[in-house]
Amino acid sequence: MRVFCGLALTAVLIGCGVTPSRTTYDASLPFWNLDPAVQYVGPDACRSCHTDNHETFRHSEMGRSFKKATLSMSAADFTVTTPVYDPHRDFYYLPFHRGEDLFIMEYRLSGRDTVYKRVEKIDYIVGSGQHTNSHIMDVNGYLFQMPLTWYVQEGRWDLPPGFADGVNKRFDRPIEVECMSCHNARPDFVEGSGNRYRSVPEGIDCEQCHGPGEIHVDAMRSGRVVDVKTEIDRTIVNPAKLNADLQFDVCQRCHLQGTVVPVEGKSFLDFRPGLELGDVLKVFQPRYADSLSQFIMASHPDRLRMSRCYIRSRGTIDNVDQMTCITCHDPHVSIESTGPMVYRDACQSCHESEALPQCTESLEDRAAAGDNCATCHMPVSGSKDIPHVRITDHFIRVPPKLSAREFDAQKEFFQLASLSDPRPSARTMAEGYLAHYEQFEHHPAFLDSAAAHMGRALQTVAEDSLMRPLIRLRFLEGDYGQVAALAERVQADTMPDAWTLYRIGESYAKEGNVRNSIRYYEMAVQAAPEHLQFRTKLATAYTADRQLDRALQIFNAVVNDHPFHADALNNRGFAYAMKGDFEQAEKDFQRALAMNPDLEQALANLASLYINTERNDDARLYLERLIEMDPDNRNYQRLMEIL
């Protein structure tokens with residue numbers, strides 16, 4: 001098998017065989033920039049020496065993956081007049097532009113009257129325009145996905161993946177570092193915030209695949225060069241010089257998405273090219289009854305590994321190189337500018353040998369398929385997780401012809417497969433099922449599987465060392481009393497992650513133990529001081545404990561950071577009402593409803609405020625809305641009877 005000729009990824013590098021001036025890296029590493037002390041320098045530092053690769057990569061799908069939102073940079077149609085309607089939430093969405101600025105309007109109709117409207121400016125576009133453009137708004141550095149996506153291949157607007165079927169997150173889905181670490185180059189993330197960034201790059205860059213460039217740039221500027229035709233440049237990772245498994249890990253860090261769980265002590269930003277992916281992140285994907293046609297979009301390496309081409313390249317046939325992604329793909333060049341014959345030639349570079357199967361189709365059938373092997377053996381398909389897209393299935397084979405019944409049978413979930421760790425521990429599998437349940441599919445079967453794996457883990461591992469996943473399991477099961485019991489047996493400094501502390505605080509709150517909920521919320525905020533959700537819950541607990549001044553101090557800080565935070569506004573209004581400041585409380589309740597007209601607590605708080613200030617006609621309007629939303633609620637009915 002011949003490697004695609006355009007893929008000597010660093011063949012133009014001058015190299016540097018002499019030890020650079022830095023002394024803070026581990027020179028025993030196969031590539032020195034694997035040392036965590038080596039810093040990222042950004043793509044501009046690469047451009048001066050690698051002009052050609054920089055220019056073509058800038059126009060590639062990865063280079064166009066993330067950008068500031070302007071009309072000229074968008075692949076979408078912002079002149080449409082037909083809105084997208086969400087029947088579950090009764091919202092309409094209409095994109096529009098004012099010059100180069102892009103916006104999304106959310107509104108609701110009653111008859112022909114607009115009874116609610118919210119307009120938000122788009123700040124960033126995610127996606128190259130090959131399949132989708134999704135949209136992000138920036139609120140003082142906190143990034144949130146917006147409720148419209150442009151689906152390029154069908155030329156249509158619709159709700160984003162994960163927003164349909166009654167789970168529309170509107171403007172509130174946080175863009176956390178897990179998302180950002182693949183859809184963009186390395187961001188300047190605010191630790192302990194969840195989704196706040198000091199700055200974000202514009203597009204995936206060189207260092208995502210080559211690793212941090214600090215010592216390489218230092219060596220080049222110092223003139224310490226060697227000929228890379230005879231030596232490997234150890235200051236920078238050249239994926240072409242990695243073995244096949246590590247080379248795969250570079251690509252599948254992002255092209256093998258699914259349920260991803262960091263190894264304990266690691267984060268989503270800790271992976272570097274040249275490392276084993278499983279040492280940093282555990283990746284899981286759902287397996288269905290057959291998985292021949294049921295797969296998610298970012299599963300290319302997994303699908304390729306099922307192929308006989310890949311399996312046979314692993315040494316079962318003499319004199320055949322191991323197949324990897326760059327056998328067919330040049331990462332520096334866009335798919336649009338790579339003609340289909342490039343991929344055909346990659347196939348023929350192996351199959352021209354009589355030792356491998358030859359095409360048996362007639363010349364006429366081959367011509368009808370453009371004489372392109374992929375047309376038949378890597379058919380274009382939809383994906384299970386992203387609507388309105390068509391992708392190339394990387395499972396190279398003669399696809400079976402399935403009946404409708406056979407096709408439907410394949411949709412049945414079978415198991416969650418560990419893809420970055422071939423021998424996962426019981427704890428690892430339990431954590432995978434917990435993350436999948438929490439992030440993707442809220443089906444009790446996933447909790448049952450997590451509990452079964454946790455039970456196996458407890459047979460060989462002391463319970464004290466499993467407190468974090470155990471607490472997460474019991475919390476998701478709704479067994480808040482058991483969470484509290486587990487928390488009492490462990491010291492807080494042995495489980496420092498903020499989410500565990502938060503789950504304990506939530507459990508105590510559900511059990512009505514306000515003081516203990518405050519204790520753990522405080523520790524969660526200490527561990528993640530800029531996390532909006534944790535801070536809001538702590539302030540709400542202070543309110544319940546009548547520590548109103550402390551509550552308002554936190555609420556004010558949250559609203560200052562995120563003026564559109566409906567929950568914080570509503571709960572701050574409640575704190576003001578408890579202090580007797582009904583005027584400010586009313587303003588906050590109204591502001592909360594301007595952000596979310598269906599926020600039941602704000603509607604109820606406002607109705608109660610109007611009743612207590614003898615504005616019964618105003619109260620009746622909100623009670624009517626509450627009864628419409630929850631017709632069986634006796635409290636709302638009694639209040640209406642009183643009026």
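Where is Ser307 found? In this predicted model, Ser307 sits in the loop between helix 7 (300–305) and helix 8 (308–313). Its relative accessibility is 0%. Ser307 therefore counts as buried, since the cut-off for that class is under 20%. Leaving aside residues up to four places away in sequence, Ser307 touches His394, Phe395 and Ile396.

The chain as a whole was examined next. Its secondary structure comes to 25 helices and 18 strands. The radius of gyration is 28 Å. For 643 residues the globule rule gives 26 Å, and the value for the chain is close to that, so the chain is as compact as a globular protein of that length. Along the principal axes, the C-alpha atoms fill a box of roughly 90 × 60 × 55 Å.

Burial and contacts add to this picture. Of the 643 residues in the chain, 48% are buried. Among contacts with a separation of 6 or more, 59% are accounted for by residues 24 or more positions apart. The accessible surface of the chain comes to about 30800 Å². Carbon and sulfur atoms hold 50% of that surface.

One sheet is described here in detail. It is an open sheet of 4 strands. The strand order is 2-3-4-5, and the pairing is antiparallel. Strand 2 (84–86) and strand 5 (113–121) form the edges, and each of these pairs on one side only. On average, neighbouring strands of this sheet are turned by 25° against each other, direction ignored. In general, strands of a sheet pair through backbone hydrogen bonds, either parallel or antiparallel. Strand 4 (residues 101–110) runs antiparallel to strand 5, and 8 bridges join the two. Within this pairing, Ile104 stands opposite Glu120 in strand 5.

Asp617 offers a contrast to the buried Ser307. Asp617 lies in helix 24, which spans residues 616–629. Its relative accessibility is 58%. Asp617 therefore counts as exposed, the cut-off for that class being over 50%. The side chain of Asp617 is joined to that of Arg620 by a polar contact of 3.2 Å. Glu207 lies 410 residues from Asp617 in sequence. In space, the C-alpha atoms of Asp617 and Glu207 are 62 Å apart.

Key
Residues are numbered from 1 along each chain as its sequence is written. This is a predicted model: local features need pLDDT of at least 70, side-chain atom pairs count only at pLDDT 80 or more; totals for chains, interfaces and linings use all residues. Side-chain values use heavy atoms; hydrogens and water are left out. Two strands pair if DSSP finds at least two bridges between them. Axes are lines fitted to C-alpha atoms, for helices over the stretch in contact, and angles run from 0 to 180 degrees between N-to-C directions. The radius of gyration is taken over C-alpha atoms; the globule rule is 2.2 Å times the number of residues to the power 0.38. Buried means under 20% relative accessible area, exposed over 50%, partly exposed in between (1.4 Å probe, protein chains only). Contact means heavy atoms within 4.5 Å. Accessible areas come from the Shrake-Rupley method with a 1.4 Å probe; for residues, only the protein chains shown count as cover. A polar contact is a pair of N or O atoms within 3.5 Å; within protein, one must be able to donate a hydrogen and the other to accept it, and residues adjacent in sequence count only if both atoms are side-chain atoms.
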